[in-house]
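Reader: I would like to go through this model with you, one question at a time, before I return to the bench. Could you keep each answer to what the coordinates support?

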Amino acid sequence: MRFAGYTAIGRFERARVAVPAAGEAGDGRGAVLDIAFLDGELALSRATLLAWIETIARAHVEYWHGFTTTRVLLTVVPVPGRPRVVFGRVVPGGGVSAMLQVGARASEADLAEDWILPHEFVHTGMPFVQGRSSWAMEGVATYVEPVIRARAGLKPEAMVWREWIDNMPRGVAALQNGLTGGSPYWGGGLFMLLADIEIRRATAGAKGLEDCLRGALRAGGDATPSERWPLATWVERCDEALGAPLMTGMVERHLGASITVDLAALWRDLGVRPDGEGVAYDDSAPLASIRKAIVMGRRAG
Ligand SMILES: [Zn+2]
């Protein structure tokens, strides 16, 4: 079997979450998330976990204009003795399935801070790409996960910028290595930030990375196909939605090339700097209007 989804066998409780679906699948049928709670002690009640899963699913509905795919099996696996959400993974093909390990000692505060489930749901909205292109999938997931939470009111905009200022340095080496080495998460995340800026600059603020992602998703690019897509196919679908070969240009410039990103200059141009626990903004910076649209969407600009 080239693709085998997660399968739950044995003692588990089932629940369902229904949300609107996106794209071709959004023809009034809606999306269903089947939740399987595997046997095991959890401090959190099923009702609390279910409400949180629905909140994160609805944050994705807002970002993608409908949930990413029509059917998902999400298996919740209790992990004895651990706080927080511990680990998650999405497996594509033949219907998307996901596994989420939740610590037996996880609290409601842990769920409010969690990035793992929103990150995994991003993977359901993209085709799995071929070859050494994990930077594209992990870059999108890493970059848009906090944006999705911010747009749904689940994370302050300033904390998204602070997280990027603190973590984007981890992606610099990957771009110096042409995206073939270094962290696929933060290398890809830094690439997506640069691509998002480029899309907004080239379209005078009319489009952003979200349009690329929604367009590729509508072209059938969720995680359900049983074949991995060539990276070029995903890039092409993205550019069709943007109306110009902007992602193609970004990939051509960065893939296999050595580019050193001057992050200090980038934050200065965007008009954002660390300040206490959060950030301070400079609205006179040259890219300030782009910065305002990046996290909260173009209406904020
Ligand atoms: Zn991931």
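**Cavities, pocket and domains**

Author: To begin with the enclosed space, the largest cavity holds about 40 Å³. Please keep in mind throughout that this is a predicted model.

Reader: How many cavities of 30 Å³ or more are there?

Author: The largest cavity encloses about 40 Å³, and the second largest cavity likewise has about 40 Å³ of space. With 30 Å³ or more as the cut-off, the count comes to two cavities.

Reader: Which residues lie nearest the centre of the largest cavity?

Author: The lining of the largest cavity divides by class into seven nonpolar, no polar and three charged residues. Of the 10 residues that line the largest cavity, those nearest its centre are P127, F128, P225, E227 and R228.

Reader: Which element gives the largest share of the lining of the second largest cavity?

Author: The second largest cavity is lined by Y63, Y143, V144, V147, R151, D196, R200, L209, E210 and I294. Two or more of these residues come from each of α4, α7 and α8, and by class the lining has six nonpolar, no polar and four charged residues. The largest share, four residues, belongs to α4.

Reader: Turning to the largest pocket, which element gives the most to its lining?

Author: The largest pocket has a volume of about 670 Å³, and among the 29 residues that line it, W115, I116, H119, E145 and Y185 lie nearest its centre. At least two lining residues are supplied by each of β4 (85–91), α2 (108–113), α3 (116–124), α4 (134–151), α5 (157–167) and α7 (184–202). By class, the lining has 14 nonpolar, five polar and 10 charged residues. The element that gives the most, with six residues, is α4.

Reader: Where does the largest pocket lie with respect to the domains, and why?

Author: The domain assignment of the chain gives domain 1, residues 14–124, and domain 2, residues 134–300. Because both domains give residues to the lining of the largest pocket, the pocket lies between domain 1 and domain 2.

Reader: How much area do domain 1 and domain 2 bury between them?

Author: The centres of the two domains, taken over C-alpha atoms, are separated by 24 Å, and 27 residues of domain 1 are in contact with 26 residues of domain 2. Of the area buried between the domains, 64% is on carbon and sulfur atoms, and the total is about 2200 Å².

Reader: Which residues of domain 1 lose the most area to domain 2?

Author: On the domain 1 side of the buried area, three residues together account for 30% of what that side buries, and they are Y63, W64 and H123.

Reader: Is helix α8 mostly covered or mostly uncovered, and how many of its residues are buried?

Author: The buried residues of α8 are L209, E210, D211, C212, L213, R214, G215, A216 and L217. They pack against α1 (46–64), α4, α7, α9 (231–242) and α10 (246–254). The helix is thus mostly covered, and of its 10 residues the number buried is nine.

Reader: Why does D211 count as buried, and which residues is it in contact with?

Author: D211 has its place in helix α8, which spans residues 209–218. Its relative accessible area is 16%, and D211 therefore counts as buried, since the cut-off is under 20%. Leaving aside neighbours within four places in sequence, the contacts of D211 are A206, A241, L242 and R298.

Reader: Is M126 buried or exposed, and which residues does it touch?

Author: M126 is found in the loop between α3 and α4, and because its relative accessibility is 2%, M126 counts as buried. Not counting residues up to four places away in sequence, M126 touches A136, M137, V140, G221, D222, A223 and W234.

Reader: L179 has a positive phi although it is not a glycine; is it buried or exposed?

Author: Most residues other than glycine have a negative phi. L179 takes a positive phi of about 70° and lies in the loop between α6 (172–176) and α7. With a relative accessible area of 6%, L179 is buried.

Reader: And A204, which also is not a glycine: is it buried or exposed?

Author: A204 has a positive phi of about 50°, and its place is in the loop between α7 and α8. Because its relative accessibility is 73%, A204 counts as exposed.

Methods:
Residues are numbered from 1 along each chain as its sequence is written. This is a predicted model: local features need pLDDT of at least 70, side-chain atom pairs count only at pLDDT 80 or more; totals for chains, interfaces and linings use all residues. Side-chain values use heavy atoms; hydrogens and water are left out. Buried means under 20% relative accessible area, exposed over 50%, partly exposed in between (1.4 Å probe, protein chains only). Contact means heavy atoms within 4.5 Å. On a 1 Å grid over the protein atoms alone, a cavity is a set of points where a 1.4 Å probe fits but cannot get out, and a pocket is an open set with protein on both sides within 12 Å along at least five of seven lines; lining residues have an atom within 4 Å of a point. Grid points are joined across faces, edges and corners, and a volume is the space filled by probe spheres set on the points. Ala, Val, Leu, Ile, Met, Phe, Trp, Tyr, Cys and Pro count as nonpolar, Asp, Glu, Lys and Arg as charged, and the others, Gly among them, as polar. Domain bounds come from an automatic or database domain assignment. Buried area is the accessible area (1.4 Å probe) that two parts lose on being put together, summed over both.
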